[in-house]
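Q: Please take a close look at one part of this model, the contacts between its charged side chains, and then follow them into the surrounding fold.

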Amino acid sequence: MQFMLLIHGDESRMNSLETDDTGIPPDYQAFNQALVKAGAMRGGERLRPTSAATTVRVRDKKAVVLAGPYAETQEQLGGYYLIDVPSLDEAIDWASKCPAAQFGSIEVRPIWPTRPQ
């Protein structure tokens with residue numbers, strides 16, 4: 001079963017993490033490698049800061065485009081992992097191992113398949 005692990009946290013803290021020449025903090029490198037080794041990793045990326053975001057809404061059949069995120073929140077969506085594991089319990093276990101869980105939160109959402117499996 002596929003799950004999305006949505007990483008929410010303080011954007012300024014996430015952007016200040018020390019990285020090596022790969023641009024990935026060492027604890028995230030270890031987490032990524034563990035997911036790959038377990039055969040659970042299906043994808044994932046870090047997102048650019050909210051200052052680079054554009055929000056699109058349609059009202060009265062007209063697109064309204066806003067620079068930046070729509071909602072003011074204390075935590076921002078910073079990235080995601082797409083994993084494939086047998087159960088919600090296993091997805092929760094992986095979420096608890098994500099480095100961002102130490103200072104933010106990881107939302108675990110099952111993927112709703114849009115095509116026959």
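Which residue forms a salt bridge with Glu107, and how far apart are the closest N and O atoms of the pair?

A: The partner of Glu107 is Arg109, and the closest N and O atoms of this salt bridge lie 2.8 Å apart. The model is predicted, so local features are taken only at pLDDT of at least 70 and side-chain atom pairs only at pLDDT 80 or more, whereas totals for chains, interfaces and linings use all residues. Residues are numbered from 1 along each chain as its sequence is written, and side-chain values rest on heavy atoms, with hydrogens and water left out.

A salt bridge here is a side-chain nitrogen of Lys or Arg within 4 Å of a carboxyl oxygen of Asp or Glu, and by this rule the count comes to three. In the pair just described, Arg109 counts as partly exposed at 45% relative accessibility, and Glu107 is likewise partly exposed, at 29% (buried means under 20% relative accessible area, exposed over 50%, and partly exposed in between, with a 1.4 Å probe and protein chains only).

Another salt bridge joins Lys97 to Asp93, with 3.0 Å between the closest N and O atoms. These two residues sit four places apart in helix 3, so that about one helical turn separates them (helices, H or I of at least four residues, and strands, E of at least two, are DSSP runs numbered from the N terminus). Lys97 has a relative accessibility of 45% and is partly exposed; Asp93, with a relative accessible area of 35%, is also partly exposed.

The remaining pair is Arg42 with Asp84, where the closest N and O atoms are 3.7 Å apart. Because Arg42 lies in strand 2 and Asp84 in strand 5, this salt bridge ties together parts that are 42 residues apart in sequence. Arg42 is partly exposed at 42% relative accessibility, and Asp84 is partly exposed with a relative accessible area of 27%.

Arg42 also leads towards the interior of the model, as it is among the residues touched by Ile83. With residues up to four places away in sequence not counted, Ile83 is in contact (heavy atoms within 4.5 Å) with Met1, Gln2, Phe3, Leu5, Leu35, Ala40, Arg42, Ala91 and Trp94. Ile83 and Trp94, together with Tyr81 and Cys98, are the residues with the most contacts inside the largest nonpolar core, which has 17 residues (such a core is a set of buried Ala, Val, Leu, Ile, Met, Phe, Trp, Tyr and Cys residues joined through side-chain atoms within 4.5 Å). At least two residues of this core are supplied by each of strand 1 (2–9), helix 2 (26–38), strand 5 (76–84) and helix 3 (88–97).

A further part of the fold that carries charged residues is the loop between strand 3 (54–59) and strand 4 (62–67), where Asp60 lies; Lys61 is found in that loop too. Phi of Asp60 is near 50°, a positive value in a residue other than glycine, and phi of Lys61, again a residue other than glycine, is positive as well, near 65°. Asp60 counts as exposed because its relative accessibility is 76%, and Lys61, with a relative accessible area of 82%, is exposed too.
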